[in-house]
Amino acid sequence: MNPDGTPVSSGITLIQVLLILGIVGVALLLNRTTADSRHQAIRRLLLLGFVVAAVVSVAFPTVLSQLAGFVGVGRGTDLLLYALVIAFLSFIATSLRRTRQLTSRITVLARELALAQARIEDAESRETPSSAQDPAPPPPSPPADPS
Amino acid sequence: MDPAPAAGDGAHPDTWVVIPLFNEAAVIGDVVRGVRQELAHVVCVDDGSTDGSGELARAAGAKVVRHPVNLGQGAALQTGIEYALSRPGARYVVTFDADGQHQVTDALDMLARAREEDLAAVFGSRFLSERVEAGLVRRIVLKLAVWFTRQSTGMRLTDAHNGLRVIRADAARRIRLRQDGMAHASEIVLHIGRTGLPWAEHPVHVLYTDYSRGKGQSSLNSVNILVDLVFR
């Protein structure tokens, strides 16, 4: 690297290769999620754009600086920082929403489980008349032998 | 196993007391026994307690419905309400806190009022009574919660976060709590308000014992409640 941030002219450097590999790897990992198709498609397009932009910015660092100058940001690294802040916030928002969806599913599941267990216990306590917890009358006929 | 001496089925057989329960082993037995002296049907929703609270509640004569994992007080209330409504003849649901801060006599008064005035819901309020023992910070937080509830539901309650409520079955069926945590109180108000059924507030006395102070929500936790309410 030259002191002003422009790449040296001697081809591709090691860090460029590592960064591109890392970005592609993350992209593949992120793609393995499932959600409703429309949001998923949008997310994939955004991700594709992000990957392309990342590769371009690594391969041609001057492009990022030029873009930064074009939109009025001092340096390319600053532009990158801002983009990262936005990407990070949107990541927080998406994962928060997903966590909530997941939590509410777990809640429904656990509740069904708890209520089913309670129904079983109530049915059992009806069969033994000694426990006077349940005011409901006993079932008309005992259930068939499960065995 | 013989449960603790309790009121017979003649005492409010159409009423189910719902107690969300999470790690209250020190007091839950006494709370359940106290309630059962007046109200026969008590369901404790053991929200994944790790201190044997559920067994103590069962020994005290409550029906225990156990969440396999801890979900939060709102989720426990919803489970308890659904269980109560599934019982034959259930007409009133009373929500009651497990930490012993509520008075059974208050619950009975509210139940009587719901029956006499044909109300769909009676909410307990600390601030209709003169005996307010809450500290300054807690009072400010509670007032803020009241304000948010008023903004979002249009109901002019004086105390939005009181755990003592009497809800008639037709109104209780309309409650679908989606806030698993502590912000459910405003949700209950909201869902009952949407039914358009008549409701009232009733002055109750909340005991802030050293136990409930030590266990209860810290004032910092009310930040969580407010955030939950705003960013639903």
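How much area is buried between chain A and chain B, and what share of it do carbon and sulfur atoms give? In this predicted model, the two chains bury about 1,600 Å² between them, and carbon and sulfur atoms give 51% of that area. The contact draws 17 residues from chain A and 24 residues from chain B. Charged pairs also take part, with 3 salt bridges found across the interface of chain A and chain B. In one salt bridge, the side chain of B:Arg87 meets that of A:Asp122, with N and O 3.2 Å apart. Between chain A and chain B, 6 residue pairs are in polar contact, both residues of each pair being at pLDDT 80 or more. On the side of chain A that touches chain B, the residues comprise 8 nonpolar, 3 polar and 6 charged.

Turning to the fold of chain B, we meet an open sheet of 7 strands with mixed pairing, arranged in the order S3-S2-S1-S4-S6-S5-S7. Strand S3 (63-66) and strand S7 (199-203) of chain B each have a single partner strand, so these two edge strands are left with one side lacking a neighbour in the sheet. On average, neighbouring strands of this sheet are turned by 20° against each other, direction ignored. What is the sense of the pairing between S5 and S7 of chain B? Strand S5 (residues 121-125) runs parallel to S7(B), and the pair is joined over 5 bridges. Within this pairing, B:Ala121 has B:Trp199 in S7(B) as its bridge partner.

Helices of chain B accompany this sheet. Helix H7 (residues 184-195) of chain B packs on the sheet, where it touches S5 and strand S6 (165-168), and its direction makes about 35° with that of S6(B). Helix H1 (residues 28-36) of chain B lies across strand S1 (15-21) and strand S2 (41-46), running at about 170° to S1(B).

Helix H1 of chain B also holds a salt bridge of its own: B:Asp30 pairs with B:Arg33, and their closest N and O atoms are 3.3 Å apart. Where do these two residues sit relative to each other? Both B:Asp30 and B:Arg33 lie in helix H1 of chain B, 3 residues apart, or about one turn of the helix. As a general point, side chains of opposite charge can pair when their charged atoms come close. Over all chains, the count comes to 10 salt bridges.

Notes:
Residues are numbered from 1 along each chain as its sequence is written. Chains are lettered from A and ligands numbered from 1 in the order in which they are written. This is a predicted model: local features need pLDDT of at least 70, side-chain atom pairs count only at pLDDT 80 or more; totals for chains, interfaces and linings use all residues. Side-chain values use heavy atoms; hydrogens and water are left out. Two strands pair if DSSP finds at least two bridges between them. Helices (H or I, at least four residues) and strands (E, at least two) are DSSP runs, numbered from the N terminus. Axes are lines fitted to C-alpha atoms, for helices over the stretch in contact, and angles run from 0 to 180 degrees between N-to-C directions. Contact means heavy atoms within 4.5 Å. Buried area is the accessible area (1.4 Å probe) that two parts lose on being put together, summed over both. A salt bridge is a side-chain nitrogen of Lys or Arg within 4 Å of a carboxyl oxygen of Asp or Glu. A polar contact is a pair of N or O atoms within 3.5 Å; within protein, one must be able to donate a hydrogen and the other to accept it, and residues adjacent in sequence count only if both atoms are side-chain atoms. Ala, Val, Leu, Ile, Met, Phe, Trp, Tyr, Cys and Pro count as nonpolar, Asp, Glu, Lys and Arg as charged, and the others, Gly among them, as polar.
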